[in-house]
Amino acid sequence: MFAALRQPLARASAAKPFARAFSAYSPVQNAVAPTKSPKLEYLLTETRGRVGLVTLHRPKALNALCNGLFVELNQVLKELDDNKEIGAIVITGSERAFAAGADIKEMKDRNFIENYAEDFLGHWTQIIKIRKPIIAAVNGFALGGGCELAMMCDIIYAGDKAVFGQPEIKLGTIPGAGGTQRLVKAVGKSKAMEMCLTGSVNLTAEEAERAGLVSKVLPADQVVDEAVKTAEKIANLSQPMVQMVKDAINQSFEIPLAAGLTFERRLFHSTFATRDQKEGMGAFAEKRKPNFTHN
Ligand SMILES: CCCCCCC/C=C/C(=O)SCCNC(=O)CCNC(=O)[C@H](O)C(C)(C)COP(=O)(O)OP(=O)(O)OC[C@H]1O[C@@H](n2cnc3c(N)ncnc32)[C@H](O)[C@@H]1OP(=O)(O)O
């Protein structure tokens with residue numbers, strides 16, 4: 001059932017940049033990457049305990065999201081998803097920008113036929129296939145594709161100067177990766193309409209938290225550490241249960257309530273077939289800490 005959790009370990013020790021380790025263990029199975037390089041140009045990566053920390057690193061362009069960045073992001077996220085020593089992932093940017101959107105200069109000359117034939121941006125959304133929880137630690141600008149990338153994560157923590165917006169309409173286009181869909185579910189129709197229709201109404205971190213887009217606002221210099229702390233907490237819980245929670249909550253966006261409740265109930269039933277359920281409830285009854293073994 002949890003094939004990914006049973007895959008051979010990829011080695012990852014604390015604070016070891018796994019970029020360097022790319023050649024040391026099996027490369028990612030084709031993450032729809034047209035090219036694959038052992039060297040990362042747009043990301044910084046490290047592990048902290050059982051957490052994989054991925055930093056978007058394209059400082060001169062405020063982390064504008066180019067194709068090369070997404071090729072790398074897909075590879076790295078797949079590596080982390082397959083790595084049994086990792087239980088959760090944090091994605092962050094710089095203090096100035098999480099990401100200022102898709103790279104406008106890279107896409108400005110594309111045409112409709114190319115976009116349609118190549119399913120432009122199709123592989124930019126692989127992140128939603130990642131089974132482990134992902135926390136976005138957002139500082140500065142999260143605009144356009146940057147806001148959409150944050151919304152593809154499972155939890156968003158924001159620095160107090162973070163700004164969320166969907167300015168695409170001012171460029172003569174519209175959001176292309178969830179700005180008209182996930183944003184509505186996060187902040188409601190009226191606010192999403194105002195943001196996407198004007199392109200200039202942005203949310204501050206506090207507004208985003210009040211609206212439900214963000215779960216916590218923190219001083220900018222604490223966002224990553226707090227996100228890692230939360231990720232570590234999640235990573236030390238029973239991993240099958242963590243996956244089930246993520247699956248079940250994500251289903252709530254896709255299927256009607258009655259079907260969602262049935263799905264949840266069946267997953268709940270199935271947890272009683274695991275050692276971790278016996279361990280968790282047994283530990284409570286015995287007044288001790290549980291020792292989850294992820295099976
Ligand atoms: C997860 C999947 C994603 C799928 C994406 C789907 C479709 C998405 C479409 C988009 O996202 S369209 C882009 C939306 N974003 C924007 O419109 C924001 C554009 N940037 C700005 O408005 C400003 O840069 C800023 C964020 C308000 C900051 O202004 P500031 O004056 O502080 O800095 P700048 O001098 O403007 O920028 C520095 C440097 O960075 C380059 N840059 C910034 N944003 C982008 C971008 N989106 N694409 C390409 N380059 C960008 C900017 O050009 C500057 O570079 P130089 O000109 O100095 O070389």
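This briefing describes the overall make-up of one protein and then looks at a sheet, a pair of helices and a loop. The model is predicted, and its secondary structure comes to 12 helices and 10 strands. Of the 295 residues in the protein, 45% are buried.

**The protein as a whole**

- The protein exposes about 15,600 Å² of surface, and carbon and sulfur atoms supply 57% of that area.
- Among the contacts in the protein with a separation of 6 or more, 71% are accounted for by residues that stand 24 or more positions apart.

**The open sheet and the helix that packs on it**

- Strands of a sheet pair through backbone hydrogen bonds, and this pairing can be either parallel or antiparallel.
- In this protein, 4 strands form an open sheet in the order 4-6-8-9, and the pairing is mixed.
- The edges of this sheet are strand 4 (97-99) and strand 9 (203-204), each of which pairs on one side only.
- Strand 4 pairs with strand 6 (residues 141-143) in the parallel sense over 2 bridges, and here A99 stands opposite A142 of strand 6.
- Helix 5 (residues 145-152) packs on the sheet, where it touches strand 4, strand 6 and strand 8 (163-165), and the direction of helix 5 makes about 90° with that of strand 6.

**Two helices side by side**

- The axes of helix 10 (residues 239-251) and helix 11 (residues 257-271) come within 10 Å of each other and cross at roughly 170°.
- Because angles over 145 degrees count as roughly antiparallel, helix 10 and helix 11 are described as roughly antiparallel to each other.
- On the side of helix 10, the residues in contact are M241, M244, D247, A248 and Q251, and they meet F263, L267, S270 and T271 in helix 11.
- Sorted by class, this contact of helix 10 with helix 11 has 5 nonpolar, 3 polar and 1 charged residues.

**Two residues with a positive phi**

- Most residues other than glycine have a negative phi, which gives a background for the next two points.
- L62 has a positive phi of about 50° although it is not a glycine, and L62 lies in the loop between strand 2 (51-56) and helix 2 (67-82).
- N63, which is not a glycine either, has a positive phi of about 60°, and its place is in the loop between strand 2 and helix 2.
- Are these loop residues buried or exposed? L62 is partly exposed, with a relative accessible area of 21%, whereas N63 is buried, with a relative accessible area of 1%.

Notes
Residues numbered from 1 in each chain as written. Predicted model: local features only at pLDDT ≥ 70, side-chain atom pairs only at ≥ 80, totals over all residues. Heavy atoms only, no water. Buried < 20%, exposed > 50% of the residue type's maximum accessible area, 1.4 Å probe, protein only. Axes fitted to C-alpha atoms, helices over the stretch in contact; angles between N-to-C directions. Parallel < 35°, antiparallel > 145°, perpendicular 65-115°, else oblique. Contact = heavy atoms within 4.5 Å. Nonpolar A, V, L, I, M, F, W, Y, C, P; charged D, E, K, R; others polar. Areas by Shrake-Rupley, 256 points an atom, 1.4 Å probe, with all protein chains shown as cover. Pairing = 2+ DSSP bridges.
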